[in-house]
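The exercises below are meant to be worked with the sequence and the coordinates side by side. Each task is followed by a solution that proceeds step by step.

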Amino acid sequence: MKSIKKLFLFAVFVITSVGTAQETITNESVIQMVELGFDDYMIIDKINTSDVKFDASISALGAMKNAGVSSEVLSLIMDKSKQNTMSKTGIYYTDVNGDDKLVQPSVFSGANSNQVAQKLVSGLINSKQKAQLPKTQSNNVIRQSQPEFTFIFDPSVTQVDNMQNNQGGDTGIFNWWFRMASNPNEFVLVKLTVKENKNLREVITGKSSWITSSSGIDPKYALNFAIEEIEGNKFKVTPDALEPGEYCFIYQGQVPQGRENQSVFDFSIQ
């Protein structure tokens, strides 16, 4: 009789799930199933056949254990939580509605250098390498002067995986920056110069002369931001108050062989 009741409860749960568009199983869903009396077999089957979004932090796992979730189910949740990371790697900001929005990377439209002018005038004059982005405003519009960003990394994936798993080129799903890096300190925040007459934004990415050359963002242009670790792979990043304008995060860490760092994570403060 008891087993029949469990099967009935499971059937009700499944029917309810079908009526809900793209239901996602969470920590709360698992606790609910435990409270309804589902056994481990039913819970594990439901997890394996559903979309999932689990919090596998120590505090969350402790709360689930206190709620009666078994070690077998907790182990599966820890394994499945890696899928959350794989799909969510990147930089997020919170919009005015409180929703998390992914900052999609923008690709440099070109580069500009005054090397020719330098050679005509003097070898002592530095030429500036400038990376340029199309349009004068980012698609990622933030309406607050001190936004909070969430950086999510997945350093468990190897460089070999990085090179093999990005055949589709979909940066919305695969951000190799967040597989190579493991901390926001590997990014720099800079303000972009807007060129209204050319309909573009640009940033200086290097300098050179006949004598010396340097690449990367000059530290004097880097803007300060605070970092708070939320979990091992998740960080809250809060810049100092930003005036209205165009900004971007640029990855400054190791670039995998065969790739070029030609993208930035841009946003507009309004």
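Helices (H or I, at least four residues) and strands (E, at least two) are DSSP runs, numbered from the N terminus. The model is a predicted one, in which local features need pLDDT of at least 70 and side-chain atom pairs count only at pLDDT 80 or more, while totals for chains, interfaces and linings use all residues. Residues are numbered from 1 along each chain as its sequence is written, and side-chain values use heavy atoms, with hydrogens and water left out.

**Exercise 1. Place threonine 238 in its strand, decide whether it is buried or exposed, and list its contacts.**

Step 1. Threonine 238 belongs to strand E15, which spans residues 234–239.

Step 2. Buried means under 20% relative accessible area, exposed over 50%, and partly exposed in between (1.4 Å probe, protein chains only). Threonine 238 counts as buried because its relative accessibility is 18%.

Step 3. Contact means heavy atoms within 4.5 Å. Once neighbours within four places in sequence are set aside, threonine 238 is in contact with Gln146, Pro147, Glu148, Phe225 and Ala226. One of these, alanine 226, also stands opposite threonine 238 in the strand pairing.

**Exercise 2. Work out the strand order of the five-stranded open sheet and describe its pairings.**

Step 1. Two strands pair if DSSP finds at least two bridges between them. With antiparallel pairing, the order of the open sheet is E4-E3-E9-E15-E14.

Step 2. At the edges are E4 (100–102) and E14 (225–231), each of which pairs on one side only. From one strand to the next, the twist averages 30 degrees, where axes are lines fitted to C-alpha atoms, for helices over the stretch in contact, and angles run from 0 to 180 degrees between N-to-C directions.

Step 3. E3 (residues 90–94) and E9 (residues 149–152) run antiparallel and are joined by four bridges, with glycine 90 opposite isoleucine 152. On E15, isoleucine 152 has lysine 234 as its bridge partner, and the antiparallel pairing of E9 with E15 also extends over four bridges.

Step 4. Six bridges link E14 and E15 in the antiparallel sense, and these two strands form a hairpin with two residues between them.

**Exercise 3. Identify which residues of helices H2 and H3 are buried, and explain how they are arranged around each axis.**

Step 1. In H2 (residues 27–35), the buried residues are Asn27, Ser29, Val30 and Met33. Because they cover an arc of only 165 degrees around the axis, they lie on the same side of H2; the arc is that of the directions from the helix axis to the C-beta atoms.

Step 2. Glu28 and Glu35 are exposed, on the face of H2 turned away from its buried side. Glycine 37 follows H2 and has a positive phi, near 95 degrees.

Step 3. In H3 (residues 40–48), Met42, Ile43, Lys46 and Ile47 are buried. Their arc of only 130 degrees around the axis puts them on the same side of H3.

**Exercise 4. Describe the largest nonpolar core, and then analyse the aromatic pair formed by phenylalanine 151 and phenylalanine 249.**

Step 1. A nonpolar core is a set of buried Ala, Val, Leu, Ile, Met, Phe, Trp, Tyr and Cys residues joined through side-chain atoms within 4.5 Å. The largest has 24 residues, of which Phe149, Phe151, Phe187, Phe249 and Phe267 touch the most other members. The elements that each supply at least two residues of this core include E3, E9, E15 and helix H8 (177–180). A second, separate core has 16 residues, among them Ile25, Phe38, Met42 and Leu61.

Step 2. Rings of Phe, Tyr and Trp (its six-membered ring) pair if their centres lie within 6.5 Å, and planes under 30 degrees apart count as stacked, over 60 as edge-to-face and the rest as tilted. The structure holds 17 such aromatic pairs. The pair of phenylalanine 151 and phenylalanine 249 is edge-to-face, at 5.2 Å centre to centre with 85 degrees between the planes.

Step 3. Since phenylalanine 151 lies in strand E9 and phenylalanine 249 in strand E16, the pair ties together parts that are 98 residues apart in sequence. Phenylalanine 151 is buried, at a relative accessible area of 0%, and phenylalanine 249 likewise counts as buried at 0% relative accessibility.
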